[in-house]
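Work through the exercises below with the sequence and the 3D view at hand. Try each task before you read its solution.

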2 protein chains.
Amino acid sequence: MAKKSVCIVGSGNWGSAIAKIIGNSVKNSSLFEEKVLMWMFEEQVDGRNLTEIVNTDHENVKYLPGVKLPTNVVAIPDLTAACKNADILVFVLPHQFVDKTCKTMEAHMKKDAVAISLIKGFAITDHGIKLISEIISENLHKIPCAVMMGANLAGEVANEMFCESTIGCKNEEMGQMLKTLFEAPYFRCTVVEDACTVECCGALKNVVGIGAGIVDGMKYGDNTKAAVIRLGLMEMMKFIEVFMAGSQCKMETFFESCGIADLVATCHGGRNRMLGEAVVSSKKTIRELEKEILKGQSFQGPLVAKEIHDMLEKRDMLKRFPLFVAVHKICKREMDPSLFIDCLRDHPEHME
Amino acid sequence: MAKKSVCIVGSGNWGSAIAKIIGNSVKNSSLFEEKVLMWMFEEQVDGRNLTEIVNTDHENVKYLPGVKLPTNVVAIPDLTAACKNADILVFVLPHQFVDKTCKTMEAHMKKDAVAISLIKGFAITDHGIKLISEIISENLHKIPCAVMMGANLAGEVANEMFCESTIGCKNEEMGQMLKTLFEAPYFRCTVVEDACTVECCGALKNVVGIGAGIVDGMKYGDNTKAAVIRLGLMEMMKFIEVFMAGSQCKMETFFESCGIADLVATCHGGRNRMLGEAVVSSKKTIRELEKEILKGQSFQGPLVAKEIHDMLEKRDMLKRFPLFVAVHKICKREMDPSLFIDCLRDHPEHME
């Protein structure tokens, strides 16, 4: 069988960390081509092209400084050239670029390629939730698109600190192939069929992460934080059950790394947690805090919280998700953060 | 219907925090007697009896200093007098005293009383695991004994920081009655039938808490800690499934406060976590660390880890629980803490 060629579509913080894993994983492999292409939006750093820096110094000095990338990972600024021979497309870029990126690739890629999305988030349409993996698949000749999510803060993965991740893939053989591609001694993958839950967890956890940050900002203790994490998880489960019922989501999936582990890591080390804390300690708007903390990038949590809120409001279901709703209102400065816990005292989970 | 009288059997840190909740809860209640007796092992503090201090100053200055107890909570040093009129017995004392305490109570108590155990831990006999609630029930005329466990660090509960707890009770009506007794605006209870899982979680989480402390001591990041918490939960579930199969434990129960929430709180704020961290940073034995950190009291985690280890060894099942086993060996100083993560790289959970 011909070796499979891998292209990484994206090259930020997480993309570069995953490029390090993949680059090492394919070396001396009987399954994968040794050369891994990484599509990189060209930027200038100190007068040099970023692709040139990556290919010469083997370091993404802008998005993952201090970490050496394997020499077989080759950065390439031309998207169509990057994807045209790929058998496996690894999507790892901000979700607002997915649509446009796919449209550029569509005419040039192999029709029998497979994809995997590492992108957190989902789109909300008039018909409900649209998963990023669906957008990729629909834009790209209906190729299968798996997902990978877990407690994987990029910096720690890049520094080879042990962690786990969950691959959600409806096809078992493809799932096992992807596990071979992504696993490292410090990065352990499990494969589950319930890809929909895996992907939804990746989007929803950031809303709970803000809630955890609010608890920290208010100087509550570990009990309260644990309660917020748990109630947040209950709302995630309920949300997926209500809006994804057709996909037969499984309770077991929440016990995977994509579920509780990612949630716990997000609520202790993620940047949405940091945002929640900042919302308590300052009077600034989310926009101002983004400029200050993320240098203009967007926090994901408030966006997802707003989309969820609007969707729930339309369906008259706000009362079933008091944590999600409170996080949204606090982010919008429509509610004082000190009222957050009061919103949880009569949570539907306590009424049974 | 006659009002029910409550006796709290125990008066330590957690016992006093729960006395505050119960004392307030029964005030003006149509269900419960206003006077709540709290059995207290008599001690001298600055030349005064501790019971006298509690009943005069309404503060347990030794075990919960700085927190006012309701004046209707009355400390009493005589166990038989404390329990003789009680309809509800709330057990909250170190588990090594349960057997002897029950034997003293047995002849004097009401035969139709009910009990609830807030005690973490279990006994291991030649026939397997023996739950504390079973020991209480068997010693006391087979009265029903519910349990309550959750993310409830005593100091935070005493300071009225919001948290949740899980009541495990096989009888629904009794469960709802106990919920009424224990609930406060800052202390929300859910009731589940699967009392066995609730109780087992309370014992097993401390072993995982030591593991989380080891991760902290080794300066690993949030990803690794999340993975240890998740793998620890998987071993808790597997352990309960294997050794408690007859009790029909339910996966849902692990999503209650007694499950993930208590585990997360224990792994971030509990004293077994502190022990795990100390095991890395010092070369002292557990015994010496107990003297230093707990002034001679016992950490629960190492005891449970040892019991589990011996039980697994006898049944040739050590390989299925690498985290539990590694925690035990590290506590015994038979393994260097730096090898902890290596024991998890090929965890059975990753092999599916």
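**Exercise 1. Find which residues of helix 4 (residues 98-105) of chain A are buried, and what they pack against.**

Step 1. Val98(A), Thr101(A), Cys102(A) and Met105(A) are buried. Buried means under 20% relative accessible area, exposed over 50%, and partly exposed in between (1.4 Å probe, protein chains only). Helices (H or I, at least four residues) and strands (E, at least two) are DSSP runs, numbered from the N terminus.

Step 2. Look down the axis. The four buried residues cover an arc of only 100 degrees, so they sit on the same side of helix 4 of chain A. The arc is that of the directions from the helix axis to the C-beta atoms.

Step 3. Turn to the other side of helix 4 of chain A. Lys100(A) and Lys103(A) are exposed there.

Step 4. List the partners. The buried residues pack against strand 1 (6-9), strand 2 (36-39), helix 3 (79-83), strand 6 (88-91) and helix 5 (132-139) of chain A. Contact means heavy atoms within 4.5 Å.

Before you go on, note the ground rules. This is a predicted model, where local features need pLDDT of at least 70, side-chain atom pairs count only at pLDDT 80 or more, and totals for chains, interfaces and linings use all residues. Residues are numbered from 1 along each chain as its sequence is written, chains are lettered from A and ligands numbered from 1 in the order in which they are written, and side-chain values use heavy atoms, with hydrogens and water left out.

**Exercise 2. Do the same for helix 12 (residues 286-294) of chain B.**

Step 1. The buried residues are Ile286(B), Leu289(B), Glu290(B) and Leu294(B).

Step 2. Seen down the axis, they fall within an arc of 105 degrees, so they line one face of helix 12 of chain B.

Step 3. Their cover includes helix 11 (271-281), helix 13 (300-314) and helix 14 (322-331) of chain B.

Step 4. Check what follows helix 12 of chain B. Lys295(B) comes next, and its phi is positive, near 55 degrees.

**Exercise 3. Work out how chain A is superposed on chain B.**

Step 1. A rotation of 180 degrees does it, with 0.0 Å of shift along the axis and an RMSD of 0.0 Å. The fit is by least squares on the C-alpha atoms of residues with pLDDT of at least 70 in both copies.

Step 2. The two copies are therefore related as by a two-fold rotation axis.

Step 3. Both copies use the same surface: 100% of the contact residues of chain A recur in chain B.

**Exercise 4. Is Ala226(B) buried or exposed, and what does Ala226(B) touch?**

Step 1. Place Ala226(B) in helix 9 of chain B.

Step 2. Its relative accessible area is 2%, so Ala226(B) is buried.

Step 3. Leave aside neighbours within four places in sequence. Ala226(B) is then in contact with Ala151(A), Ala261(A) and Ala265(A).

**Exercise 5. Place Arg345(B) and list its contacts.**

Step 1. Arg345(B) lies in the segment after helix 14 of chain B.

Step 2. With a relative accessible area of 22%, Arg345(B) is partly exposed.

Step 3. Again leave aside neighbours within four places in sequence. Arg345(B) is in contact with Phe162(A), Pro185(A), Tyr186(A), Arg188(A) and His350(B).
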